[in-house]
Amino acid sequence: MVCFCFLVDQKRMMRQSKPAAGSCSRCGHGAQVADMRTATRFCYVPFYWKSWKAIICCFCGAVLKSYR
């Protein structure tokens with residue numbers, strides 16, 4: 001029996017952002033609303049993209065809330 005293993009990964013990118021009211025619950029710094037994009041790759045070739053909005057921290061990068 002032969003088994004092949006291929007590399008599959010996901011890369012999350014922030015396309016654009018703007019400031020939001022409030023602060024991060026983890027570090028206390030400011031938050032921002034961002035348009036995010038997730039790309040799933042199979043052997044370094046992207047084959048699936050998903051766009052979504054999220055509220056993220058400017059300092060630590062934590063996703064505080066996501067809107068999918």
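Visitor: Which residue in β3 does Thr40 stand opposite?

Guide: Thr40 stands opposite Tyr48 in β3. This is a predicted model, in which local features need pLDDT of at least 70 and side-chain atom pairs count only at pLDDT 80 or more, while totals for chains, interfaces and linings use all residues. Residues are numbered from 1 along each chain as its sequence is written, and side-chain values use heavy atoms, with hydrogens and water left out.

Visitor: How many helices and how many strands are there in the chain?

Guide: Helices (H or I, at least four residues) and strands (E, at least two) are DSSP runs, numbered from the N terminus. Here the chain has zero helices and four strands, and along the sequence the pattern reads β-β-β-β. The radius of gyration, taken over C-alpha atoms and set against a globule rule of 2.2 Å times the number of residues to the power 0.38, is 16 Å, well over the 11 Å that the rule gives for 68 residues, so the chain is more spread out than a compact globule.

Visitor: In what order do the strands of the sheet stand?

Guide: Strands of a sheet pair through backbone hydrogen bonds, either parallel or antiparallel. Two strands count as a pair if DSSP finds at least two bridges between them. In this model the open sheet has the order β1-β2-β3-β4, with antiparallel pairing. At its edges stand β1 and β4 (63-67), each with a single partner strand, so one side of each is left without a neighbour in the sheet.

Visitor: Over how many bridges do β1 and β2 pair?

Guide: β1 and β2 (residues 30-42) pair in the antiparallel sense over 13 bridges; within this pair, Gln16 stands opposite Asp35 and Ser23 stands opposite Gly30. The hairpin of β1 and β2 has six residues between the strands, and Gly28 takes a positive phi near 90 degrees there. Between β2 and β3 (residues 45-57), which also run antiparallel, there are 12 bridges, and in their hairpin, with two residues between the strands, Cys43 takes a positive phi near 55 degrees.

Visitor: Is Val8 buried, exposed or partly exposed?

Guide: Buried means under 20% relative accessible area, exposed means over 50%, and partly exposed lies in between (1.4 Å probe, protein chains only). Val8, which lies in β1 (residues 8-23), has a relative accessible area of 48% and is therefore partly exposed. Of the 68 residues of the chain, 21% count as buried.
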